[in-house]
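Student: I've got the sequence and the model open and would like to go through them with you. Can I just fire off questions?

Tutor: Sure, go ahead.

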Amino acid sequence: MVHVAQIAVEVSPFAKVGGLGDVIHGLGLKLQELGHQVSTIIPFYSHIDRRELNDLHPIDEVESFYNGQMHKNRIWTAHSHKLKLFLIEPLHTHRFFERGAIYGSHDDTDRFLYFSRAALTLLHKWEKKGNQANVIHYHDWHSAAVGPLYRSLFQPQETRPSRLIFTIHNFAYQGCCGIDCLERVGLPPEFYQNSKDMWGDDYNCINLLKSGIVYADKVTTVSPNHAEEVLTREGGHGLHKTLLRFKNKFSGILNGIDYEYWNPETDPFLKEGFKKGITETPHSKLHYKEMLQKRFGLEVGDIPLVACVTRLVPQKGIELIQHAIHYTLQKQGQFILSGSCAPGEIQKQFESLGHLYRNSRSVHLKLAYNEELTHQIFAASDFFVVPSLFEPCGLTPLIALRYGSIPIVRQTGGLSDSIKDVEQSPEGNGFVFRNYNTKDLEKVFDRALSKWTRDKDLWNQFVDHGMDIDNSWSKPALSYLKLYKG
Ligand code: ADP
């Protein structure tokens, strides 16, 4: 049995912004199901809905170092959908996790460095008590400093080192900061002075993501194709040289989705139930389509419904999402968007778009994070569009398939691994376009919409095939276990 400690700053469903939260939840549950001990360590955000946490109670206190002093942290434990959690509540005057949101504070780097060190301090306490985690699996730039902190401060005190696995869910966010941040978290200076290992490849700033790569035993990203892309200058987000240097310990494992959580037949957000089967699914889907059409004042009926559920950030192909909305209308379809975005230019653009279509009976834009609505959108929609500029994995098309919504995706990153064009491959499960431009988007929409219109029986078979594909955690969890065992 492996004891793996997952250190991350998101976990689905109650502390989630995007796919990172899904992975921590889904992978952890699958590993538990396979008989392994999984300790998921996350910050105790004050804004989370505590009703999502079963049997929440404090179990311990640990003192961890920050900015020249020791600070107390209260450790809580709870279960979320059977996943065992340990939540760190810093009793620090900066109130690091009482900001109303996971990301977006001016001191995010300090908040997550503080958390990384506190999490390792907790693990060290367990090690002394004989409950060592054999594997420390840390994720993205937020907990990347676990690598150098463990190697410099904790490993030297332990008889048997834990194995360090680092997973990068998104190379676009790297945690660039000054050395003052590392001083505050107490990393020994020899780790960042005169060392190329903590500085970004361009030497502009300390690069936490890079440090996570350097000090891990194994590094993964979330699809095999993206693992290839980031080894190139064009796709490497400035880290291709580092990745090439550590090529032998780097690989891509395609994410799964949690088949219990994302199960249309038992989904608690689909109150009327969802029946699966070649004849039943179309009825269920039409029911949810009409429900959303009525709720959002759209024309009611079996009109082709295109959906998009996403963080609205440049990576997701903002121009093409907007074009997809206009073009769907032009083709007499309907479009529902559930998009979460931080205040700024992109938000303004979508607000104006919402204003433009405020009286439309074909478009509804919801500019917020909404878990319940998202499940209903997956159930109701016929098509799910993901026109990303780059996409490390792309979980939403996998969820869409499970809910009988056919992905229309750009051929990039993990989407190239998971979605094959129905007109080009016998295993086709979606519609794929290659070039990032409106012409190609229109062409792929034409193909998808005409297939939907032409032959409903064929379409229903296609949907049924998509729902039967196994995109669960069963296979990827075994790939992670292989890495854990070395
Ligand atoms: P990323 O990790 O880049 O955000 P993924 O497609 O891999 O993209 O994962 C996104 C996850 O976040 C999915 O579970 C999706 O349902 C969820 N999500 C994204 N935007 C929203 C939103 N506005 N409301 C609810 N859930 C969202």
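Student: How many aromatic pairs does the structure hold?

Tutor: Keep in mind that this is a predicted model. Two rings of Phe, Tyr or Trp pair if their centres lie within 6.5 Å. By that rule, the number of aromatic pairs is 25.

Student: Take Y66 and F96: is that pair stacked, tilted or edge-to-face?

Tutor: A pair of aromatic rings is described by the distance of the centres and the angle of the planes. For Y66 and F96 the centres are 5.7 Å apart and the planes make an angle of 85°. Planes over 60 degrees apart get their own class, so the pair is edge-to-face.

Student: Which parts of the chain does that pair link?

Tutor: The two residues are 30 apart, and the pair links distant parts of the chain. Y66 belongs to strand β3, residues 54-66. F96 sits in the loop between β5 (83-90) and α2 (108-128).

Student: And is F96 buried or exposed?

Tutor: Buried means under 20% relative accessible area. Its partner Y66 has 2% and is buried. F96 comes out at 1%, so F96 is buried.

Student: What about Y480 and Y484: stacked, tilted or edge-to-face?

Tutor: These two are four residues apart in helix α16 (residues 474-485), so about one helical turn separates them. Y480 is buried at 1% relative accessibility, and Y484 is buried at 4%. Their ring centres are 6.4 Å apart, with 40° between the planes. That angle falls between the 30 degree and 60 degree limits, so the pair is tilted.

Student: Which aromatic residues form one cluster with Y66?

Tutor: We've already met one of them, F96, as the edge-to-face partner of Y66. The cluster's other members besides Y66 and F96 are Y45, F97, Y103, F112, Y114, F115 and W141.

Student: Which residue has a side-chain polar atom 3.2 Å from the backbone oxygen of Y66?

Tutor: Look in strand β4, residues 69-80. The residue there is buried, at 12% relative accessibility. Its side chain puts a polar atom 3.2 Å from the backbone oxygen of Y66, and its name is H71.

Student: Where is N67, which has a positive phi although it is not a glycine?

Tutor: The phi of N67 is about 50°. N67 is partly exposed, with 48% relative accessibility. Its place is the loop between β3 and β4.

Student: R95 has a positive phi too, so what is its value?

Tutor: R95 lies in the loop between β5 and α2. With a relative accessible area of 47%, R95 is partly exposed. R95 is not a glycine, yet it has a positive phi of about 45°.

Student: On to backbone geometry: which two residues does a cis peptide bond join?

Tutor: Check omega, which is about 0° there. One of the two residues is in the loop between β1 (3-7) and α1. The bond joins S12 and P13.

Student: How many disulfides are there?

Tutor: A disulfide is a covalent bond between the sulfur atoms of two cysteines. Here a pair of sulfur atoms must lie within 2.5 Å to count. The sulfur of C308 has its closest cysteine sulfur in C341, 12 Å away, which is too far for a bond. By this rule the count is zero.

Student: Now the ligand: which residues are closest to it?

Tutor: The ligand is surrounded by 20 residues. By type, six of them are nonpolar, ten polar and four charged. The closest are K16, G19, D22, R311 and K316.

Student: How much of the ligand's accessible area does the protein cover?

Tutor: Start with contacts: a backbone N or O atom of G19 is 2.7 Å from a ligand oxygen, and a polar side-chain atom of R311 is also 2.7 Å from a ligand oxygen. S340 has a polar side-chain atom 3.3 Å from a ligand nitrogen. On its own the ligand has 560 Å² of accessible area, and the protein covers 94%.

Student: Which elements give two or more residues to that shell?

Tutor: Use the residue ranges to find them: 19-33, 305-311, 334-340 and 396-402. In that order, the elements are α1, β12, β13 and α12.

Conventions
Residues numbered from 1 in each chain as written. Predicted model: local features only at pLDDT ≥ 70, side-chain atom pairs only at ≥ 80, totals over all residues. Heavy atoms only, no water. Near = heavy atom within 4 Å. Polar contact = N/O pair within 3.5 Å; in protein donor to acceptor, adjacent residues only side chain to side chain. Areas by Shrake-Rupley, 256 points an atom, 1.4 Å probe, with all protein chains shown as cover. Nonpolar A, V, L, I, M, F, W, Y, C, P; charged D, E, K, R; others polar. Phe/Tyr/Trp six-rings, centres within 6.5 Å; stacked < 30°, edge-to-face > 60°. Buried < 20%, exposed > 50% of the residue type's maximum accessible area, 1.4 Å probe, protein only.
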